[in-house]
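The following exercises concern domain layout and the surroundings of a bound ligand. Each task is followed by a stepwise solution.

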Amino acid sequence: MSWQACVITLLPEAFPGMLGHALAGRALDEGVWSLDIVALRDFGTGKHQSVDDTPSGGGAGMVLRADIAAAAYDAAIAAHPGLPVMSMTPRGKPLTQKRVQELADGPGVIVFCSRFEGIDERFYDTREVEEVSLGDYVLSGGEVAAQVVLDAALRLRPGVMGDARSGEDESFSAGLLEYPHYTRPAEFEGHSIPEILTSGDHAKVEAWRQEMSEQITRERRPDLWEIYKKKP
Ligand code: ADE
């Protein structure tokens, strides 16, 4: 069975978006994964199928109603029983490559794209949802974030990436940032390719790449470096 992606959104036209292109797009056409869109608006109330309301207690913005979020959630779960549900929000737990790998290894994911100021808290009180953040900045909605999560998971699925090796040997999977890459031309604006890389000595190349990865991680991400150093 193909990997299932289900997205709950107020902007169904934003999908597949980026996921309809390149490797993920081809894999979607080939049935390697499937995409089901649940339109939040279908669960709205009144003439305008309204989904939001003003925040209790006052303040700026609008809040997504719990009853409407829950109805869309229940429909998504009914169509895709057993899938984990993520809600994309800046107050969520930061997404990691480890969590992405777990998603890729599972049957798929339901992603709830939040908009406005957020969702009425009673939605989270009554439904099983993992709140996930992409980082400490605020996007205008969860749609872009949902595509990021799906892209990151899909590229780890068999049949999505052309060269399976490039999924393994890269930033974060080993706890280090990636080493620098080079290709032709041999000379670019006075900069040449490090000699080791054209020496044909694979052991030396590997050692150089490891050293560069460690140096870059130490300089740019002392937080990751501390964790890496403590690994047995
Ligand atoms: N929606 C708005 N901001 C977000 C963020 N930083 N991560 C995930 N979803 C979001």
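**Exercise 1.** State how far apart the centres of domain 1 and domain 2 lie in this predicted model.

*Solution.* Begin with the bounds: domain 1 spans residues 3-154, and domain 2 spans 171-229. Next, take the centres over C-alpha atoms; the separation is 36 Å.

**Exercise 2.** Identify the residues around the ligand and classify them by polarity.

*Solution.* Step one is to list the shell: M88, T89 and P90, then V132, S133, L134 and G135, followed by Y137, V138, L139, G141 and A145. Step two is to sort these residues, which gives 8 nonpolar, 4 polar and no charged. Step three is to assign strands: β5 (85-94) and β7 (130-133) each contribute at least two residues to the shell. Of the contributors, β5 gives the most, with 3 residues.

**Exercise 3.** Determine which polar backbone atoms lie within 3.5 Å of a ligand nitrogen, and how far the protein covers the ligand.

*Solution.* Apply the 3.5 Å cut-off for a polar contact between N or O atoms. A polar backbone atom of L134 is 2.9 Å from a nitrogen atom of the ligand. For T89, the corresponding distance from a polar backbone atom to a ligand nitrogen is 3.2 Å. A backbone N or O atom of G135 is likewise placed 3.2 Å from a nitrogen atom of the ligand. Turning to coverage, the ligand on its own has 260 Å² of accessible area, of which the protein covers 97%.

**Exercise 4.** Which pocket holds the ligand?

*Solution.* The ligand is located in the second largest pocket.

Methods: Residues numbered from 1 in each chain as written. Predicted model: local features only at pLDDT ≥ 70, side-chain atom pairs only at ≥ 80, totals over all residues. Heavy atoms only, no water. Near = heavy atom within 4 Å. Polar contact = N/O pair within 3.5 Å; in protein donor to acceptor, adjacent residues only side chain to side chain. Areas by Shrake-Rupley, 256 points an atom, 1.4 Å probe, with all protein chains shown as cover. 1 Å grid on protein atoms, 1.4 Å probe; cavity = no way out; pocket = protein on both sides within 12 Å on 5 of 7 lines; lining within 4 Å. Sits in = over half its atoms within 2 Å of the grid points. Helix = DSSP H or I, 4+ residues; strand = E, 2+ residues; numbered from the N terminus. Nonpolar A, V, L, I, M, F, W, Y, C, P; charged D, E, K, R; others polar. Domains from an automatic or database assignment.
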